[in-house]
Amino acid sequence: MSIAAEKVTRATGPAPRSKRRRWRSWLPAAAFAAWACVRVFGLEHGSFPTQLMTLTPYALVAGVVTTVVLAVRRRPAAVLALAACVALAATVLPRAFAEPLTVRGPALKVLSINLFSRADAQAVVSLVKEFEPDVFSALELGPETVRRLDEAGLDTLMPHRVLQAERGAAGSGLFAKHPLTELKGLFTPIGHNMPAATVTLPSGVKAQVVAVHPNPPLGSMAAEWYVSLAALPAPSPDVVRVLAGDFNASLDHRAMRDLLGRGYIDAAEAVGKGLTPTWPHGRLLPPLITIDHVLADRRVGVARVEVRDVPRTDHRAVFAELRLP
């Protein structure tokens, strides 16, 4: 090679590589910026993007790491990645901070568990004994599961019930230690059975509770999932209403935020536990996403929330102690 050709190679060779490096640095930054836009503006549509939104807290962590790496390498793309992180942090981090308890009225204790049709009955009854809930919202409740729970002592602890037990995932039910009156026609359930009932506390105060369990947004069921969440009843000015169950939705879903925007609060978020994952439990990976919730009328205060493992079900139990206005 001549000296002139070598000089040309040295002059032109690094340029394409430098451009490729710059292009590669912009790709992750643009990906996190796109994620932030979808999350902030609720642009997810279809099954896969909807499912992907449940991982938004992890996207924030990955975005922070990417921003640091790009900043160390003095890449301009770090500015875009940083902007995306700020937007994601604004949506995620508030769930880790508790709100002050300003309502100190009568207590309403609610326990919710997706039983997966085969949850350990003794473990479930042990939680009932520990938390002493007024109402227990049971999802994926079959007739055989009811029998096993009663044999473990639930019939004595919570004799009042409105059940729509059914084989497979469709069954649901409400158990209570105080009188329950079934609510018919409150809304049109879409997906699994979703019984609703009025519980009358010893003080005479009444509250309405709905056992929530829409189908997950998988494949063709995604459109139905949106409609199912939209069909849930709004809060009532006349009585406190609580929605408790497996929503198959996280706070990073537009459909869930729309439901909250109708006048509900998420109990776990209110006490700074909104990032505690509830699914999947009992698998190779630890629980990753938060799809089990207790939602309550905004007039309600939240004194306490606990999330517990239950053997032989892939969901964790959610307990909330509410204070009624």
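Student: If two strands pair when DSSP finds at least two bridges between them, in what order do the six strands run in the open sheet that contains strand 12?
Tutor: The order in that open sheet is 3-4-2-1-12-11, and the pairing is mixed. Strands are DSSP runs of E of at least two residues and helices are runs of H or I of at least four, all numbered from the N terminus. The model is predicted, so to speak of a local feature requires pLDDT of at least 70 and a side-chain atom pair 80 or more, while totals for chains, interfaces and linings use all residues. Residues are numbered from 1 along each chain as its sequence is written, and side-chain values use heavy atoms, without hydrogens or water.

Student: Which strands stand at the edges there?
Tutor: Strand 3 (160-164) and strand 11 (301-308) do. Each has a single partner strand, so one side of each lacks a neighbour in the sheet.

Student: And strands 1 and 2: parallel or antiparallel?
Tutor: Strand 1 and strand 2 run parallel, joined by five bridges. Within this pairing, Ser-112 has Ser-137 of strand 2 as its bridge partner. Strand 1 covers residues 107-114 and includes Asn-114.

Student: Is Asn-114 buried or exposed?
Tutor: Asn-114 is buried, with a relative accessible area of 0%. Buried means under 20% relative accessible area, exposed over 50%, and partly exposed in between, with a 1.4 Å probe and protein chains only.

Student: What is the strand order in the open sheet that contains strand 8?
Tutor: That open sheet has six strands in the order 5-6-7-8-10-9, with mixed pairing. Strand 5 (180-182) and strand 9 (264-266) form its edges; each has a single partner strand, so one side of each is left without a neighbour in the sheet.

Student: In which sense does strand 9 pair with strand 10?
Tutor: Strand 9 pairs with strand 10 (residues 292-297) in the antiparallel sense, over three bridges. Opposite Ile-265 stands Ala-296 in strand 10.

Student: What holds a sheet's strands together, generally?
Tutor: Strands of a sheet pair through backbone hydrogen bonds, either parallel or antiparallel.

Student: Changing topic, how many aromatic pairs are there?
Tutor: The count is three. Rings of Phe, Tyr and Trp (its six-membered ring) pair if their centres lie within 6.5 Å; planes under 30 degrees apart are stacked, over 60 edge-to-face, and the rest tilted. One of the pairs is Phe-131 with Phe-319, stacked at 4.4 Å centre to centre with 10° between the planes.

Student: Where do Phe-131 and Phe-319 sit?
Tutor: Phe-131 belongs to helix 6 (residues 121-131) and Phe-319 to strand 12 (residues 317-323), so to speak of distant parts of the chain is fair: they are 188 residues apart. Both Phe-131 and Phe-319 are buried.

Student: Why does the pair of Phe-136 and Phe-175 count as stacked?
Tutor: The ring centres of Phe-136 and Phe-175 are 5.6 Å apart and their planes lie at 25°, so this pair is stacked. Phe-136 is in strand 2 (residues 135-139) and Phe-175 in strand 4 (residues 172-176), so the pair ties together parts that are 39 residues apart in sequence. Phe-136 and Phe-175 are buried.

Student: How many disulfides does the structure hold?
Tutor: The structure holds zero disulfides, a disulfide being a pair of cysteine sulfur atoms within 2.5 Å.

Student: Why is Cys-37 without a bond to Cys-85?
Tutor: The sulfur of Cys-85 is the closest cysteine sulfur to that of Cys-37, but at 13 Å it is too far for a bond. Cys-37 is partly exposed, at 39% relative accessibility, whereas Cys-85 is buried, with a relative accessible area of 7%.

Note on methods
Two strands pair if DSSP finds at least two bridges between them.
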